[in-house]
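Subject: Structure handover

Hello,

Here is the structure for you to take over. My notes follow below it.

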Amino acid sequence: MKRREFLAASAGCACLLFTKSGRAETAATGPVKVGALKSFTKEGIDDRFLKDGFFLVRGKDRLYALSAFCTHKTEVRLAKSGEEKIICPRHKAQFALDGSVTRPPAKRKLDRLAITVDDKGEVTVNTSKKIDAGKHDEAPAFVKLG
Ligand code: FES
């Protein structure tokens, strides 16, 4: 299957992800509940939802979701490296926690995914909704903490 066919076939269903070992896995599409906003107390990157295809990042005053698909070859799932960066196992591109590229060959920032909090304080990430790069400072690119 060619890349373009793969992307078309994966729209609206679970996406295939390939781990460092080459094993295929699936990632969620659509809304994923990630827990109560008040439970995100530690600053830094949270990879508990890597199986769903995204990282959560908690900054000083906001929580946001970054796609775990490398922007160089989008079928590759990324990995957390320490607390300060995200790496691609295939060609070693690196990304900062704001999604920006810190080491090529990737050239484009990681995609930011829509994130919302409901009136009960529960946070949901919509893996099907990417936020345009120019709109990362407005909802639903992040949820405000405290
Ligand atoms: S696929 Fe990620 S750096 Fe090439």
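What does the secondary structure of the protein come to? One helix and 13 strands. Please keep in mind that this is a predicted model. Along the sequence, the helix comes at the start of the pattern, and the strands follow: α-β-β-β-β-β-β-β-β-β-β-β-β-β.

Some overall figures. The protein has 146 residues, and 45% of them count as buried. About 8,300 Å² is exposed. Carbon and sulfur atoms supply 52% of that area. Taking the contacts with a separation of 6 or more, 46% are between residues 24 or more positions apart.

Next, a sheet. Four strands form an open sheet in the order S7-S8-S9-S10. The pairing is antiparallel. Which strands stand at the edges? They are S7 (79-81) and S10 (101-103). Each has a single partner strand, so one side of each has no neighbour in the sheet. On average, neighbouring strands here are turned by 35° against each other, direction ignored.

Within this sheet, look at S8 (residues 85-87) and S9 (residues 94-96). Three bridges join these antiparallel strands. One residue to click on is isoleucine 87, whose bridge partner in S9 is glutamine 94.

Now the cores. The largest nonpolar core has 21 residues. Which of them touch the most other members? Phe55, Leu78, Ile86 and Phe95 do. Strands S5 (54-58) and S6 (62-67) are the elements that give two or more residues to this core. There is also a second, separate core of 15 residues. Among its members are Val32, Val34, Phe54 and Val125.

Phenylalanine 95 deserves a look of its own. Leaving aside residues up to four places away in sequence, its contacts include Cys70, Leu78, Ile86, Val101, Ala106 and Leu110. Polar and charged residues are on the list as well, including Thr71, Glu84, Lys85, Ser100, Thr102 and Arg108.

Last, the cysteines. How many disulfides does the structure hold? Zero. Are cysteine 70 and cysteine 88 buried or exposed? Cysteine 70 has 2% relative accessibility, and the cut-off for buried is under 20%, so cysteine 70 counts as buried. Cysteine 88 is also at 2% relative accessibility, so cysteine 88 counts as buried too. Cysteine 70 is one of the residues that phenylalanine 95 touches.

Over to you.

Best wishes

How values were computed:
Residues numbered from 1 in each chain as written. Predicted model: local features only at pLDDT ≥ 70, side-chain atom pairs only at ≥ 80, totals over all residues. Heavy atoms only, no water. Buried < 20%, exposed > 50% of the residue type's maximum accessible area, 1.4 Å probe, protein only. Contact = heavy atoms within 4.5 Å. Areas by Shrake-Rupley, 256 points an atom, 1.4 Å probe, with all protein chains shown as cover. Pairing = 2+ DSSP bridges. Axes fitted to C-alpha atoms, helices over the stretch in contact; angles between N-to-C directions. Core = buried A, V, L, I, M, F, W, Y, C linked by side-chain atoms within 4.5 Å. Disulfide = S-S within 2.5 Å.
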